[in-house]
Amino acid sequence: MHRFWNIVELQEAIFAACTPRAALLLGLTSKCFLEAALDRVWSQVQLECLVECLPPDIWHKWEDWDSDLVGHGWYWHQKRSLSQAEFDRILYYSRRVHEVTLGWEKWIDGSFFHSPNGKQPSTLLPQLRSASFYLSNPARRNEITETIDLRLFLRKSVTSMTLNISRVLSTNPTGPYKLFISELASRCPNLHQLRFRVDERESSGVSGLISQTICSCHFLQSVEVLKQHYGIDLVLSRQVLQYLADLETLTELVLPFVDFPPDHKFSKLSLRRLHVRSLGQHSLSGLKNLVFLRVENVLESKKADISPASLSCLKHCWVSGDRNFCVTLVIAAEGAPLTSLTLRMGRGFAFDEEIPLAQMLASIGQSSTLEQLTLKGSARPFHVVGQEDFLALRRCSMLTQLKVKYDLRLDDADWDSLLPCWPNLKILKLGWRNYGNTSLRVFETVARYSLQLVTCHMPFRANEVPELEDASTALPAAKLVDIITMNSELEADAEDVAKYFMALFPRLESIAIRLRSNFCSDDYTSWYEKVPMESDWDEVQYYLDER
């Protein structure tokens, strides 16, 4: 093969764009590609791959699904000792690994990673950058000669680590990991990202284990602790929260189960991403570079001090709960370069005359950079959104996604003035019901102005289907493929409606319409259950598939 293909930079560019399978096939075409192909194939692997690259007479894989929930899974057992040549094979492949994962329900005999002299060499996984593994012990430890020494993952090159904690740890939550925690900071000086996934019920000591691990690292840039189940009881002490607040290098903090104490305050200005359950009164007062903010329960955060200076750089915002907090936050962020905003109003927090929705939308409409807007309410009485409310958003010309889960009062003429303002719209999901006179003709306006629209969820009234020759505005460039509506009124024939849609949108793939029942009660659950589904639309979908 020509020497041109031996250029290192060229090979790196080629294999960076290849999937592992494509890299393997390309590596088999020529020896000059072999090393670069192996680097790509082995860059991201499961830990058991290093075991299964050995001859089959060395290891045995078996499954145990008959025992209790704790301890069931896959086991890799060592049948005989490794020779130096066989261990060199592990070293040959491990030097290419950048990201390694030891998954759930997988237990590997730790002796696989010991050289014939019984030691774990430092040349194992020398280029490791990211490690993800479970802090757990198999229930049937008698089947495993020696569990893996977690210090295998402690390398100077490691910058990211994910620790998945399962309930198997409950027997002794800190004992097996004391050496690991004590050496984490010294052996991983470049560790910047630390993640925890607690995927089982909480046991005594897990919170302490997380706290010890966090406090042992002094140069963290990102800390994330997530619970996989709501029933888990995790508590981080005030000392740990203060340690994080004073950490100079911290830029990202994700603790969705944490309520900051009232007097909590970040003393450093480097934090750019914050995700918590609730804020303390002064939590945001010291921040100047915040880009992402997510607060799960703003009902507990309504006394938090929010100033425009704290939100001057905010781009992504997600809050849920108290309407007063949401209004205060949106007004404070009026001059921020927002690109994504989600406001979820919980039960009992519908808008009323005291704080009209138009007031909030007027502040949101000042953001010319906004691309995604979501407003949701989960309880009656719903606020009815009309043209005067949406007019406040006409300046948001960059909108690509608009979701408003409130009842609507919009007519066809209203859409004629609104849709031209959002030429980049790709997803439009509006309303529970429409009290206005939005007919099928609104989709002609959609076809004319919303050329990028892919999904449209909109309630309408189809008392009659416009003549097909009137649907002369069909645009071949229209990208709409999905029409779904809730609580629509349909008197026209379903197949005629489908033909009208297809005349406007040649790429249409699916139509789903839920009709509105005449029954309406204060009991929202009963009302929702009695909304009927129209069976004729199954035939329409078949017609679309077979056209």
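# A tour of the helix pairs and two single residues

The crossing of helix α13 and helix α14 is right-handed, and this pair is the opening stop in what is a predicted model. Select residues 442-449 for α13 and residues 494-504 for α14, and you will see two helices that pack at an angle of about 20°, with their axes 10 Å apart. An angle under 35 degrees counts as roughly parallel, and α13 and α14 are therefore roughly parallel to each other. To see where they touch, show the side chains of F443, E444 and A447 on α13, together with Y500, F501 and L504 on α14, since these residues make the contact. Sorted by class, this contact has five nonpolar residues, no polar ones and one charged residue.

**The whole chain**

Before moving on, zoom out and show the protein as a cartoon, in which you can look for 16 helices and 23 strands. If you switch to a surface view, the protein exposes about 25600 Å², and carbon and sulfur atoms supply 50% of that area. Of the 547 residues, 50% count as buried. Among the contacts between residues at least 6 apart in sequence, 70% join residues at least 24 apart.

**Helices α7 and α8**

Next, select residues 206-215, which form helix α7, and residues 238-246, which form helix α8; their axes come within 10 Å and cross at roughly 25°. This pair is therefore roughly parallel, as the angle between α7 and α8 implies, and the crossing of α7 and α8 is left-handed. Now display S211, I214 and C215 in α7, which meet V240, Y243 and L244 in α8. The contact of α7 with α8 is made up, by class, of five nonpolar residues and one polar residue, with no charged residues.

**Helices α2 and α3**

For the next pair, select residues 20-27 for helix α2 and residues 34-41 for helix α3, which pack at an angle of about 160°, with their axes 8 Å apart. Are these two helices roughly parallel or roughly antiparallel to each other? Angles over 145 degrees count as roughly antiparallel, and α2 and α3 are therefore roughly antiparallel to each other. The crossing of α2 and α3 is left-handed. Turn on the side chains of P20, A23 and L24 and pick out G27 on α2, then add L34, A37, R40 and V41 on α3, and you have the residues that make the contact. By class, the contact of α2 with α3 has six nonpolar residues, one polar residue and one charged residue.

**Two single residues**

Now select S340, which lies in strand β14, a strand that covers residues 340-345. Is S340 buried or exposed? Its relative accessible area is 15%, and because buried means under 20%, S340 is buried. If you leave aside the neighbours of S340 within four places in sequence and ask the viewer for its contacts, you should find K315, H316, C317, L370 and Q372.

Finally, go to H2, which lies in the segment before α1, the helix of residues 8-16. With a relative accessible area of 57%, H2 is exposed. Add C32 to the selection and draw a distance between the two C-alpha atoms: H2 and C32 are 30 residues apart in sequence and 9.7 Å apart in space.

Terms used
Residues are numbered from 1 along each chain as its sequence is written. This is a predicted model: local features need pLDDT of at least 70, side-chain atom pairs count only at pLDDT 80 or more; totals for chains, interfaces and linings use all residues. Side-chain values use heavy atoms; hydrogens and water are left out. Helices (H or I, at least four residues) and strands (E, at least two) are DSSP runs, numbered from the N terminus. Buried means under 20% relative accessible area, exposed over 50%, partly exposed in between (1.4 Å probe, protein chains only). Contact means heavy atoms within 4.5 Å. Accessible areas come from the Shrake-Rupley method with a 1.4 Å probe; for residues, only the protein chains shown count as cover. Axes are lines fitted to C-alpha atoms, for helices over the stretch in contact, and angles run from 0 to 180 degrees between N-to-C directions. Angles under 35 degrees count as roughly parallel, over 145 as roughly antiparallel, 65 to 115 as roughly perpendicular and the rest as oblique. A crossing is left-handed if the near helix is turned anticlockwise from the far one by less than a right angle, and right-handed if clockwise. Ala, Val, Leu, Ile, Met, Phe, Trp, Tyr, Cys and Pro count as nonpolar, Asp, Glu, Lys and Arg as charged, and the others, Gly among them, as polar.
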